[in-house]
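Work through these short exercises with the structure in view. Try each task before you read its solution.

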Amino acid sequence: MTSEAPIRSQNPADYLKRYYGYDVFRPMQEDIIQSILGGRDTVVLMPTGGGKSVCFQIPALMLPGVTIVVSPLIALMKDQVGALHMNGISAAYINSTQHSREQRDIEEDALSGKLKLLYVSPEKLLTESFLHFLKRIKISLFAIDEAHCISSWGHDFRPEYTQLNILKEQFPDIPTIALTATADKLTRQDISQRLGMDDPAVFVASFNRTNLSLQVLPGQNRIQQIFKLLQQKPDTSGIIYCLSRKSTESLAAKLQEKGFNAAFYHAGMDPTDRSRTQEAFLRDDVRIMCATIAFGMGIDKSNVRWVIHYNMPKNIEGFYQEIGRAGRDGAAAQTVLFYSFADVATYKEMLAENSPANLGLQLAKLERMQQYADAHTCRRQILLSYFSEELSEPCGNCDVCRDPRVTFDGTILAQKALSAIVRTHERVPMNLLIDILRGSRSQQVLQGGFDQIKTYGAGRDLRFEDWRNYLHQLINIGVIEVAYDQHYALRRGILADQVLYGNRRIDLVRPDDAPKAVV
Ligand code: ADP
Ligand code: ZN
């Protein structure tokens, strides 16, 4: 810790300069800080690397009392507290791996007003004794990090997070800030509701990382393709994400054989090996990291120039988070996804075996990921529409934009689909909607009385499979949305009204105009 005296300014920018050494705030940071200082509950969605930490750390410094930070991973907590100490900020973490003596010392520091930030795991926080301790100290703010863990709609649900509503019940006057890098619309609503927030201010930073190029390659001969890709980028750092621990090891071995500077990383290694490998990557001693998704959480390395997915991730949230580790310095970085239908089948088998409670949801998320890989339209538009953000023009920095597929005016087709969706009150899932559009006389159609609506049979000229493909495209560009919470019914997406009532033209690709991708 530094010996300099703390400052007493009312201006957040002074704290940014004094403790972090930065001259200007990034977009939204200052508004978020002001919202908190005004005592308002606040939800923050910002991509990885966007700069979420200062959003609660600066209010913690400015407000009297201690900010309690709830964080799910002990390793992450340690790193954050270490970084705060380096910046001269008084912070600590408390968890069940510490001796009771150590825990008591930290509690003393909190009681005496020495600490500005105290990190704690949700398990620890929810214990009777810790809640009792919280009653005795002056709390300025609750910060819930990785807040998507609270939602069963999210991709990383943690049951203990759901009990965090206790905080609002027991400390109704203390503002709460919830932060996450990944949350679709449903998860966002869930976060504020489950935390019992009162009319929160919601800040959604753009998820558009324009410096990341996006590319999908066919999943055949992956190793040969990787060799070629890496030969084009000597002396750069990058991560290759693999599905299994075993494949991280075998891929690293193959790369080493070819003379590449590669290592592997997964959660099955012992902790010393893990941190040694991670350190080597941070120092550029190792350039290529073959890793499972265990690698990267909380790693702040700015010059990762590329991320390759050896296997397709399970969902877009995970994918987005992993590619987000590239190009944090803002310079151009490349991302490549290898896609084969076999990977999808493997996931489906795994899901079927484990049959989790939210099986349907996980399958639907998998399907969205697959649609990204299969897409004929700008991939960035798909990613952003997943996070309910509209990109008005194709990006120019994905493989589809660089090698455009031939398109046709699909506006009328989109209108037919939307009109059927509206007339069925946004209650029917895809297959039934297609039956309705194609004028099927199936039992489900007749029983629902769907043969009576105006758009019944309006799309009988197209094959069932073609409709499926077009609907996927319409979902991808944000014309239609899947209601995960309403039995996967299709409903109007963010662009729907413009298509129905404006004169927005929608371009589609014929299903058999398959993409060709080679290195
Ligand atoms: P997140 O938690 O959103 O992934 P961090 O809070 O770790 O991101 O911030 C990412 C990086 O950006 C860190 O190195 C941080 O110091 C830096 N950073 C944050 N705010 C600013 C700023 N206003 N100006 C410059 N760099 C910043
Ligand atoms: Zn694009």
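**Exercise 1.** Leaving aside neighbours within four places in sequence, which residues is Cys290 in contact with?

*Solution.* Start with the ground rules. This is a predicted model: local features need pLDDT of at least 70, side-chain atom pairs count only at pLDDT 80 or more, and totals for chains, interfaces and linings use all residues. Residues are numbered from 1 along each chain as its sequence is written, while chains are lettered from A and ligands numbered from 1 in the order in which they are written.

Next, the test: two residues are in contact if their C-beta atoms, placed from the backbone, lie within 7 Å. Apply it to Cys290. The partners are Ile240, Cys242, Thr248, Leu251, Ala252, Ala262 and Phe264.

**Exercise 2.** Place Cys290 in its nonpolar core.

*Solution.* Take the terms first. A residue is buried if 20 or more other C-beta atoms lie within 10 Å of its own, exposed if 12 or fewer, and partly exposed in between; C-beta atoms are placed from the backbone. A nonpolar core is a set of buried Ala, Val, Leu, Ile, Met, Phe, Trp, Tyr and Cys residues joined through C-beta atoms within 7 Å.

Now the result. The largest such core has 55 residues. Cys290 is among those with the most contacts inside it, along with Ile239, Ile240, Met289, Ala291 and Val307. Strand 13 (residues 333–339) gives the most to this core: five residues. Strands (E, at least two residues) and helices (H or I, at least four) are DSSP runs, numbered from the N terminus. A second, separate core has 54 residues, including Leu84 and Val120.

**Exercise 3.** In what order do the six strands of the open sheet lie?

*Solution.* Strands pair if DSSP finds at least two bridges between them. The order is 8-13-12-9-11-10, with parallel pairing. Strand 8 (212–218) and strand 10 (262–265) are the edges, each pairing on one side only. Look inside the sheet: five bridges join strand 9 (residues 237–241) to strand 12 (residues 304–309). Ile239 stands opposite Val307 in strand 12.

**Exercise 4.** Is Ile74 buried, exposed or partly exposed, and why?

*Solution.* Find Ile74 in helix 4 (residues 74–86). Count its neighbours. Ile74 is partly exposed because it has 16 C-beta neighbours inside 10 Å. Then check its contacts: not counting residues up to four places away in sequence, Ile74 touches Asn95, Thr97 and Ser121. Finally, compare sequence with space. Ile74 and Tyr119 are 45 residues apart in sequence and 9.3 Å apart in space, C-alpha to C-alpha.
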